[in-house]
Amino acid sequence: MRNYILSVILGLFFGLTIYAQDFKYKKTHYHLLNSKGKVVKNIYPFTFAESFSEDLALVEKDLKFGFINTEGQQVINFKFYDAGSFSNGLAYASVGENYGYINKNGEFVIAPSFEIARDFEGEFAQVLKLNPDTLKYGSLKWLYGFINKQGKLIADSYFSSMSYCKVEDCFIVSIRDSVFYLSTDGSMVQKENIPNQPFYIVDEMPQYKRGVLGLRQFIETNVRYPISAQIYGLMGRVYVEFVIDEKGKVDDVQFINKESPVLMKEAVRVIKEMPQWKPGLLDGKAVKVRYALPINFVLQ
């Protein structure tokens, strides 16, 4: 009891630390919220922010990204052209054209050598490169690979498509129309058919429930044109790829080109908030379908 009273007295004397939980978007900026959901007024709002992950939040200022902790303190300076949220102690980041992975000190522990990089999912992260051989891989613009925490590319190869099946601890990959199981040690077995994988073309493609006009209205209503992009006159078309599952739910949302990072992140945020679609049909049965959608950012 005495210790409790002493801690309360010390808290009143020195000031209690109210840890931040998330952000509120208001009037073009992201305002830091404390654990009670109130705006922390002594922390200047950010032009872009993502939710806290592993007690750090990605924030942006003047088109540069850095990180703050739950007390609102800057722990990694605004120095990255692009960056992602932390997962298992690592976050993707770039200071130029190429992407690598940093630790919580802001130091590259996997060298920036990838054309596009994405967040770690457990022990692996997806990386992309431009397709150098359309005869081998087809007409896709990007090829896909996975790396481990040491930065080693699984099977030392990229593929036409690649996804991680966590339950079986393996990858499902394709080279054009050939599909394979790929183990984490790099061995590969060809399969004629792998169930529950997204299709690219089906008999009836997924449809937004309010039609094309409703989809356009949703995007126009919900896009927050980043204020920093407006200040610096940034415009562009961002292509976002996602999966519509058997129930019409939007899943696995990713950008698939290299526009300004603040525009890409905003496009991904909007797509993640979309309501359910009508699922795609193959032979009369609802199936997963991979879908791509452009979002245009244009200053009037």
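## Reading the labels

A residue is called exposed when its relative accessible area is over 50%, buried when that area is under 20%, and partly exposed in between. Asp156, at 59%, therefore lands on the exposed side. Keep in mind that what you have in front of you is a predicted model.

## The chain as a whole

The chain is built from five helices and 24 strands. Along its principal axes, the C-alpha trace spans about 70 × 45 × 45 Å. Of its 300 residues, 45% count as buried.

How much of the contact count comes from residues 24 or more positions apart? Taking contacts with a separation of 6 or more, such pairs account for 47%. As for the outside, the chain exposes about 16,700 Å², and carbon and sulfur atoms supply 51% of that area.

## Charges and a lysine patch

There are 35 positive and 33 negative charges in the chain, and their mean positions sit 8 Å apart. Some of the positive ones gather on the surface: Lys24, Lys26, Lys27, Lys38 and Lys41 form a positive patch.

Lys41 is worth clicking on. You'll find Lys41 in the loop between β2 (29-34) and β3 (48-49). Its relative accessibility is 79%, so Lys41 counts as exposed.

## Salt bridges out at the surface

The model has nine salt bridges. One of them pairs Glu97 with Lys258, at 3.9 Å from N to O. Glu97 sits in the loop between β8 (91-94) and β9 (99-102), while Lys258 sits in the loop between β20 (250-255) and α5 (261-272), so this pair ties together parts that are 161 residues apart in sequence. Glu97 is exposed, with a relative accessible area of 64%; Lys258 is partly exposed at 33%.

Lys152 and Asp156 make another salt bridge, with N and O 3.2 Å apart. Here the lysine is partly exposed at 46%, and its partner Asp156 is exposed at 59%.

## A buried charge network

Which residues link up in a network of salt bridges? That would be Glu241, Asp252 and Arg290. Within the network, the side chains of Arg290 and Glu241 meet at 3.5 Å, N to O. Arg290 belongs to strand β24 (residues 289-297) and Glu241 to strand β19 (residues 236-244), so the bridge ties together parts that are 49 residues apart in sequence.

Are Arg290 and Glu241 buried or exposed? Arg290 has a relative accessible area of 16%, which makes it buried. Glu241 is buried too, with a value of 10%. Both values fall under the 20% cut-off, and that is why these two charged residues get the buried label.

## Tyr232 and its distant partners

Tyr232 lies in the loop between α4 (227-231) and β19. With 44% relative accessibility, Tyr232 counts as partly exposed.

Which residues does Tyr232 touch, leaving aside residues up to four places away in sequence? The answer is Asp62 and Leu63. Tyr232 and Asp62 are 170 residues apart in sequence, but their C-alpha atoms are 8.4 Å apart in space.

Note on methods: Residues numbered from 1 in each chain as written. Predicted model: local features only at pLDDT ≥ 70, side-chain atom pairs only at ≥ 80, totals over all residues. Heavy atoms only, no water. Patch = residues over 30% accessible without salt bridge, like charges linked within 9 Å, V, L, I, M, F, W, Y side chains within 5 Å. Areas by Shrake-Rupley, 256 points an atom, 1.4 Å probe, with all protein chains shown as cover. Salt bridge = Lys/Arg side-chain N within 4 Å of Asp/Glu carboxyl O. Lys, Arg positive; Asp, Glu negative; His and termini not counted. Charge placed at Lys NZ, Arg CZ, Asp CG, Glu CD. Helix = DSSP H or I, 4+ residues; strand = E, 2+ residues; numbered from the N terminus. Buried < 20%, exposed > 50% of the residue type's maximum accessible area, 1.4 Å probe, protein only. Contact = heavy atoms within 4.5 Å.
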